[in-house]
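Visitor: I would like a close look at one part of this structure. Start from a single residue, then work outward.

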Amino acid sequence: MKLYAECISCILSIRYRDIAKIVIDENRRLDLMKGILKLLNELINEKHMLNTVKIATELYRFIKRSTGVEDIYRDEKLLANRNALELYRELHSKLYSIPRDRDRLIFAMRFSLIGNAIDYGVANYVPPSINELVQKAMSMNIYGNLDEAIDFLLKSKRVVFLLDNAGEAVLDRLLSDTLRSMGKQVIAIVKSGSFQNDITIKEAREAGLYESFDEVIESGSDAASIILEEVNDRVKEILKDIDVVISKGMANYEYLTEVSNIIGKPIVYILMAKCRPIASELNVPIGSPVVIFKNH
């Protein structure tokens with residue numbers, strides 16, 4: 001996805017929020033923002049860096065290096081996982097009361113989608129409460145081509161799941177549980193290091209991922225998405241040997257749409273269009289739940 005001017009102001013707003021969360025001294029905050037602006041200027045003048053995912057990643061790394069704080073949102077991730085686990089347990093029993101495979105997939109897809117609302121990575125976006133999540137999941141109108149995505153998932157045998165936020169990843173387990181109950185192999189990819197409130201290999205066990213996926217592997221990177229120059233060999237091997245990629249969240253959408261021809265696999269994008277540039281790219285209202293299937 002192309003870089004919008006608006007994306008720059010959003011990234012800066014979020015990076016300031018990161019700094020304000022962990023730095024009390026105003027002069028130190030100012031120095032860090034000066035460093036952010038200097039680095040940003042360098043990045044946007046490099047053609048290969050004109051991508052929101054790469055810019056956001058490098059600026060977040062700058063804050064981690066400069067402050068020595070490796071996991072800024074550790075507490076928020078713990079809370080999100082804890083709350084989502086309560087909801088997961090409630091929904092899991094309901095899931096298997098649904099007789100048809102297709103209907104179970106749609107049910108699980110709705111909660112995978114709604115889990116993407118648990119996000120601290122979009123400026124001015126306030127995540128809803130758990131009760132609001134449940135109500136919204138069952139009533140929302142999903143944009144895109146959900147039926148085509150479901151059709152392809154029903155035919156697929158090997159699936160790789162690019163997980164996004166903590167909390168959200170717990171609800172993604174419902175979709176993996178459903179696919180595995182149909183005899184499909186499902187592999188989860190999580191980050192090796194922290195990026196915002198995204199789930200990492202450190203939180204994989206507390207989120208119960210090993211119970212719902214055939215394999216959970218780390219990307220080899222702390223980047224906002226699976227930047228191909230950074231991921232480990234295991235990720236590259238898996239991407240060559242699967243039938244379909246399930247891509248969660250906006251960052252994965254922003255990056256994968258630029259490298260989908262290189263990956264060369266069908267992709268199911270599952271996300272909430274939380275900002276104007278994403279909504280504009282997808283031609284949907286801001287805040288819309290979207291499932292897009294693209295077969296390359």
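Visitor: In which element is the place of D18?

Guide: D18 lies in helix 1. A word of caution before the details: this is a predicted model.

Start with the surroundings of D18. Is this residue buried or exposed? Its relative accessible area is 0%, and buried means under 20%, so D18 counts as buried. Leaving aside residues up to four places away in sequence, D18 touches Y60, I63, I72 and Y73. Take Y60 from that list. D18 and Y60 lie 42 residues apart in sequence. In space, their C-alpha atoms are 8.4 Å apart.

Next, helix 2. Helix 1 (5-22) is among the elements that cover the buried residues of helix 2, and helix 3 (52-67) is another. Helix 2 spans residues 26-43, which makes 18 residues. From first C-alpha to last, helix 2 reaches 25 Å. That is close to the 26 Å expected at 1.5 Å a residue. Which residues of helix 2 are buried? They are R29, L32, M33, G35, I36, L39, L40 and L43. These residues cover an arc of only 160 degrees around the axis, so they sit on the same side of helix 2. Now turn the helix around. The face turned away from the buried side carries the exposed residues N27, K34 and K38.

Now follow a long-range pair. A251 and A56 are 195 residues apart along the chain, yet their C-alpha atoms are separated by 9.5 Å. A251 belongs to helix 11. Its relative accessible area is 18%, and the cut-off for buried is under 20%, so A251 counts as buried. Beyond residues up to four places away in sequence, A251 touches V53, A224 and S225.

Stay with helix 11 for another residue. S260 is found there too. S260 is buried, with a relative accessible area of 6%. Its contacts, again not counting residues up to four places away in sequence, are K265, I267, Y269 and H296.

That brings us to the sheet. It is an open sheet of 7 strands. The strand order is 1-7-6-5-2-3-4, and the pairing is mixed. Which strands form the edges? They are strand 1 (143-144) and strand 4 (215-218), and each pairs on one side only.

Look at strands 5 and 6. Strand 5 covers residues 244-248, and strand 6 covers residues 267-273. The two run parallel and are joined by 4 bridges. One detail: K248 has I270 of strand 6 as its bridge partner. Here helix 11 comes back. Helix 11 (residues 249-263) packs on the sheet, touching strand 2 (158-162), strand 5 and strand 6. The direction of helix 11 makes about 140 degrees with that of strand 6.

Move to strand 2. Strand 2 and strand 5 run parallel, with 4 bridges between them. In strand 5, I246 is the bridge partner of F161. On to strand 3 (residues 185-190), which runs parallel to strand 2 and is joined to it by 5 bridges. V159 has V186 of strand 3 as its bridge partner. How does the chain get from strand 2 to strand 3? It crosses through helix 8 (residues 168-181), and this β-α-β crossover is right-handed. R158 stands opposite Q185 in strand 3.

How enclosed are these strands? In strand 2, 4 of the 5 residues are buried, so strand 2 is largely enclosed by the rest of the structure. In strand 3, 5 of the 6 residues are buried, so strand 3 is also largely enclosed by the rest of the structure.

Finish at strand 4. Strand 3 and strand 4 run parallel, joined by 4 bridges. Across that pair, I189 stands opposite I217 in strand 4. Strand 4 is one of the edge strands.

To retrace the path: D18 sits in helix 1, and helix 1 helps to cover the buried residues of helix 2. A251 sits in helix 11, and helix 11 packs on the sheet.

Methods. Residues are numbered from 1 along each chain as its sequence is written. This is a predicted model: local features need pLDDT of at least 70, side-chain atom pairs count only at pLDDT 80 or more; totals for chains, interfaces and linings use all residues. Side-chain values use heavy atoms; hydrogens and water are left out. Two strands pair if DSSP finds at least two bridges between them. Contact means heavy atoms within 4.5 Å. Axes are lines fitted to C-alpha atoms, for helices over the stretch in contact, and angles run from 0 to 180 degrees between N-to-C directions. Buried means under 20% relative accessible area, exposed over 50%, partly exposed in between (1.4 Å probe, protein chains only). A crossover is right-handed if, with the strands pointing away from the viewer, the path from the first strand over the helix to the second runs clockwise. The expected span of a helix is 1.5 Å times one less than its number of residues. The arc is that of the directions from the helix axis to the C-beta atoms.
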